[in-house]
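Please work through the exercises below with the sequence and the structure open beside you, and try each task before you read its solution.

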Amino acid sequence: MEDFRLVIITGMSGAGKTQVSRHMEDLGYFCVDNLPPMFIPKFAELCTHSSGSVHKVALVVDTRGREFFDKMIHILDSMDESGMKYEMLFMEASDATIIRRYKESRRRHPMAPNSRISEGIAKERERLARVRARATHIIDTSDMKKSSLKEKIIRWFGNSSESNSMNITVVSFGFKHGMPLDADLMLDVRFLPNPYYIDSMRHKSGAVPEVAEYIWKWPVTKEFVAKLNDLVEFLVPNYIKEGKSQLVIAIGCTGGMHRSVFIANRVYTLLCNKGYRVNIEHRDVFKNEGVEHPQITAVID
């Protein structure tokens with residue numbers, strides 16, 4: 001397959017290979033941890049013959065493989081000779097950083113199970129020297145924030161559509177049915193004029209044009225939406241920059257039928273127009289009896 005991408009992740013123990021593997025999984029890579037090097041060519045060949053079901057693979061290969069890892073250079077040479085394309089990401093960190101991480105995790109270093117961590121680090125650096133020289137990408141995580149690591153992995157191994165990789169869900173709900181437990185941002189819009197008290201609108205949701213027009217006509221609604229738009233436009237790119245992968249914006253009114261539905265639709269439309277990946281869920285609208293609720297969202301300007 002021409003679009004097949006193979007990334008070999010290796011490097012120092014405690015430098016962040018596990019974290020990188022998780023980010024690669026989020027990018028759609030099929031990840032395998034602690035694969036013996038001699039299996040790399042055959043595994044890659046199997047994936048290329050998978051009828052396109054597996055076209056991005058990330059393999060974590062490191063000194064945990066013990067004597068098997070010593071064949072790494074030979075395997076890379078044979079892959080180069082056969083024309084097999086691959087990228088190799090080498091993860092490293094300073095001795096002080098690795099020692100601190102091992103002390104915090106209380107784990108033993110694989111190269112020094114019965115001696116000092118510093119001895120294991122020295123042995124591993126020597127053993128990895130030739131492999132590091134073959135790396136196409138090197139990341140030093142000594143002073144790197146987790147969000148910065150994720151951003152770099154997305155930039156190197158993702159695609160342009162994943163630069164805004166945060167999944168956003170806008171949820172309308174009714175406070176009388178309970179608040180969403182997974183909400184990151186929660187807004188109470190019960191201060192807006194309530195169509196429930198108008199007989200002709202009582203059983204129509206905030207997505208019905210008649211109801212949406214009623215809610216939108218009030219100055220307080222327009223002022224609130226303007227302030228809310230500013231807040232959302234400020235927060236979302238900063239959440240993405242910080243490395244957040246999911247964001248749930250919950251908007252509540254009394255029954256989750258009128259005002260919350262209308263405002264949720266406004267936020268959903270705003271985010272869609274900005275190019276974000278966003279879903280909308282009107283959680284409680286059908287918990288109200290005899291409700292009229294169109295499947296398309298109505299936004300009144």
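The exercises that follow concern a predicted model, and each one is solved step by step.

**Exercise 1. Describe helix α9: how far does it reach, and which elements do its buried residues pack against?**

Step 1. Begin with the extent of the helix: α9 covers residues 259–273, and its 15 residues reach 21 Å from the first C-alpha to the last, which is close to the 21 Å expected at 1.5 Å a residue.

Step 2. Next, look at how far the helix is covered: 11 of the 15 residues of α9 are buried, among them Phe262, Ile263, Val267, Leu270 and Leu271.

Step 3. Then find the neighbours: the buried residues of α9 pack against the strands β6 (167–174), β8 (246–253) and β9 (277–282), and also against the helices α7 (209–216) and α8 (219–242).

Step 4. Finally, follow the chain past the helix, where Gly275, just after α9, takes a positive phi of about 90 degrees.

**Exercise 2. Determine how many disulfides the structure holds, and examine Cys31.**

Step 1. Recall that a disulfide is a covalent bond between the sulfur atoms of two cysteines.

Step 2. A search of the whole structure finds zero disulfides; for Cys31, the nearest cysteine sulfur belongs to Cys47 and is 11 Å away, whereas a disulfide would need the two sulfur atoms within 2.5 Å.

Step 3. Consider the surroundings as well: Cys31 counts as buried because its relative accessible area of 18% is under the 20% limit, and Cys253, at 2%, is buried too.

**Exercise 3. Locate the salt bridge between Asp80 and Arg134, and say which network it belongs to.**

Step 1. Among the 12 salt bridges of the structure, Asp80 pairs with Arg134, with their closest N and O atoms 2.7 Å apart.

Step 2. Place the partners along the chain: Asp80 lies in helix α3 (residues 72–82) and Arg134 in the loop between α5 (117–133) and β5 (137–140), so that this pair, 54 residues apart, links distant parts of the chain.

Step 3. Check their exposure: Asp80 is partly exposed at 42% relative accessibility, and Arg134 is partly exposed at 24%.

Step 4. For contrast in placement, Glu104 and Arg100 form a salt bridge at 3.6 Å, N to O, and both lie in helix α4 (residues 95–105), four residues apart, about one turn of the helix.

Step 5. Another bridge joins Arg190 and Asp188 at 2.7 Å, N to O, while salt bridges that share partners join Asp77, Asp80 and Arg134 into one network.

Note on methods: Residues numbered from 1 in each chain as written. Predicted model: local features only at pLDDT ≥ 70, side-chain atom pairs only at ≥ 80, totals over all residues. Heavy atoms only, no water. Helix = DSSP H or I, 4+ residues; strand = E, 2+ residues; numbered from the N terminus. Expected span 1.5 Å × (residues − 1). Buried < 20%, exposed > 50% of the residue type's maximum accessible area, 1.4 Å probe, protein only. Contact = heavy atoms within 4.5 Å. Salt bridge = Lys/Arg side-chain N within 4 Å of Asp/Glu carboxyl O.
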